[in-house]
Structure formats: structure tokens, C-alpha cells
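Biologist: Hi! Could you walk me through this protein, step by step? I'm new to this, so plain words please.

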Amino acid sequence: MFTPQPIGFVHSLFKDAAAIPKGLGAKHPEAGVLEILPAFVAGLTDIEGYSHLIVLWAFDRSEGFDLIVTPPSDDRPHGLFTTRSPRRPNPIALTVVELLRREGALLHVRGVDMLDGTPILDIKPYLSNIPEEKLRRGWLAEAEARQS
Ligand SMILES: C[S@@+](CC[C@H](N)C(=O)[O-])C[C@H]1O[C@@H](n2cnc3c(N)ncnc32)[C@H](O)[C@@H]1O
């Protein structure tokens, strides 16, 4: 295995997890900045050509995990690996953000759901190639149907 090292840190308005929208239909319109450390900035070359990025980051303020969890988007328990719970055996998170602009080492993005100061582990271009009719959304689709 490997020891992850941050390639940068998130600047976001969220100082407290309670302020981050959760549950069914939660939207994340907030802008934030991904600040990439000098040693990794060359890796941003050509990134302006992408509208959306996958950001892999660490839940650095989570501890422990349960394999069955009741997420904020449902009142029924589900397997951890069918949820986006911050409490996981490997506390790794993934967020798709919209790239608004780049200023050197700073990526201005929209769609942050990370706390301020969150370590960034990796960035990849977002390229979805799964047709919508082939996507199944598991218990989340059922929870949404019960709410409507
Ligand atoms: C439900 S998780 C989803 C994260 C990511 N979009 C994913 O799918 O992996 C988002 C929640 O993680 C929590 N969170 C955000 N930043 C965190 C951090 N640095 N450490 C621990 N928890 C964090 C907040 O409670 C936030 O509402």
C-alpha cells in the first residue's frame, strides 16, 4: 500500500460540518478554492480545458466507521458502501466540482462539500460516459420516490 500525501488543501466557507447541506435533494452550489502545493502545480497544465473535475480528498475529521448506516437521505439503514458516509475504513471522499477558473496554483470551483482546510489527495478530469438509461441508483431512487 502507500501513504497518501496531500497535493493541496480546500478553502471553503464551511468551518462546521453542520453547515454543509445534506439529505435528499441537497444541492452544493457553494464556490471554493483548491490550492495546489507548489511541488504539484505543473500537474495542472491543460486543466483549463475541462469543465468539471473529480476531486479525491480525505475525511480528515472523521473517526471510525459502521458497516450499516442510516444516511441523512433516508430513514432506513443501508450498507456503508452504498452511501457517502464520511465514516469509512479508508476515509477517502470524492466530489465532482465545476472548474470556474484557474489562477496559477488556485483552482476556483463550484460545488464544494468539504470543510475548510480539507486535504486534497488527487484531481482527475470528469468524463462521464454512462448513458442515463443504464444508470441504476439503488435505495436512493426508492427513497426519492417515497418522498415525492
Ligand atoms: C456525505 S459526505 C460526501 C463527500 C463526498 N462528496 C463523497 O461523496 O465522498 C459530505 C460530508 O462530509 C463531511 N465532511 C466534509 N469535510 C470533511 C472533512 N474534512 N472531514 C470529515 N468530514 C467532512 C460533512 O459533514 C459533509 O456534509
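Modeller: Happy to! Let's begin with a rule for aromatic rings: rings of Phe, Tyr and Trp (its six-membered ring) pair if their centres lie within 6.5 Å. Keep in mind that this is a predicted model.

Biologist: Okay, how many aromatic pairs does that rule give?

Modeller: The count comes to one aromatic pair. Trp 57 and Phe 59 form that pair, with 4.9 Å from centre to centre and 65° between the planes, which is edge-to-face.

Biologist: Why do you give me both a distance and an angle?

Modeller: Because a pair of aromatic rings is described by the distance of the centres and the angle of the planes.

Biologist: And are Trp 57 and Phe 59 buried or exposed?

Modeller: Trp 57 is buried, because its relative accessibility is 6%. Phe 59 has a relative accessible area of 14%, so Phe 59 is buried too.

Biologist: What does Met 114 touch?

Modeller: Leaving out residues up to four places away in sequence, Met 114 touches Val 10, Ser 12, Phe 14, Ile 20, Val 55, Trp 57 and Thr 95. So Trp 57 from our ring pair turns up in that list.

Biologist: Where does Met 114 sit?

Modeller: Met 114 is in the loop between strand E7 (106-110) and strand E8 (119-125). Met 114 counts as buried because its relative accessibility is 0%.

Biologist: How far is Met 114 from Asp 74?

Modeller: Along the sequence they are 40 residues apart, and in space their C-alpha atoms are 21 Å apart.

Biologist: Let's switch to strands. Which way do E1 and E2 run, parallel or antiparallel?

Modeller: Strand E1 (residues 8-11) and E2 run antiparallel, joined by four bridges. His 11 stands opposite Val 33 in E2.

Biologist: What does E2 have to do with E7?

Modeller: E2 and E7 are antiparallel and have five bridges between them. Val 33 has His 108 in E7 as a bridge partner, and Glu 35 has Leu 106 in E7.

Biologist: And how many bridges join E6 to E7?

Modeller: Five bridges join strand E6 (residues 92-103) to E7, again antiparallel. Arg 101 is matched with His 108 in E7, while Glu 103 is matched with Leu 106 in E7. So His 108 is a bridge partner of both Val 33 and Arg 101.

Biologist: What happens in the hairpin of E6 and E7?

Modeller: Two residues lie between the strands there, and Gly 104 takes a positive phi near 60°.

Biologist: Which residue other than glycine has a positive phi?

Modeller: One of them is Asp 46, with phi near 80°. Asp 46 belongs to the loop between strand E2 (31-36) and strand E3 (52-58). Asp 46 is exposed, because its relative accessible area is 58%.

Biologist: How do E3 and E6 pair?

Modeller: They pair in the antiparallel sense, over seven bridges. For instance, Ile 54 stands opposite Val 96 in E6.

Biologist: New topic: charges. How many salt bridges are in the whole structure?

Modeller: A search of the whole structure finds nine. As background, side chains of opposite charge can pair when their charged atoms come close.

Biologist: Which residue pairs with Glu 48?

Modeller: Arg 102 does, and the closest N and O atoms are 3.5 Å apart. Glu 48 is in the loop between E2 and E3 and Arg 102 is in strand E6, so this salt bridge ties together parts that are 54 residues apart in sequence. Glu 48 is partly exposed because its relative accessibility is 49%, and Arg 102 is partly exposed because its relative accessible area is 24%.

Biologist: What about Arg 101, which partner does its side chain meet in a salt bridge?

Modeller: Its partner is Glu 103, at 3.0 Å from N to O. Arg 101 is partly exposed at 43% relative accessibility, and Glu 103 is partly exposed with a relative accessible area of 41%.

Biologist: And which residue does Arg 137 bridge to?

Modeller: Arg 137 forms a salt bridge with Glu 144, with the closest N and O atoms 2.8 Å apart.

Biologist: Last one: which residues make the nonpolar surface patch of about 450 Å²?

Modeller: Phe 65, Leu 67, Ile 68 and Phe 81 make that patch. Ile 68 is in strand E4 (residues 68-69), and Ile 68 counts as exposed because its relative accessibility is 57%.

Conventions
Residues numbered from 1 in each chain as written. Predicted model: local features only at pLDDT ≥ 70, side-chain atom pairs only at ≥ 80, totals over all residues. Heavy atoms only, no water. Buried < 20%, exposed > 50% of the residue type's maximum accessible area, 1.4 Å probe, protein only. Contact = heavy atoms within 4.5 Å. Patch = residues over 30% accessible without salt bridge, like charges linked within 9 Å, V, L, I, M, F, W, Y side chains within 5 Å. Areas by Shrake-Rupley, 256 points an atom, 1.4 Å probe, with all protein chains shown as cover. Salt bridge = Lys/Arg side-chain N within 4 Å of Asp/Glu carboxyl O. Phe/Tyr/Trp six-rings, centres within 6.5 Å; stacked < 30°, edge-to-face > 60°. Pairing = 2+ DSSP bridges.
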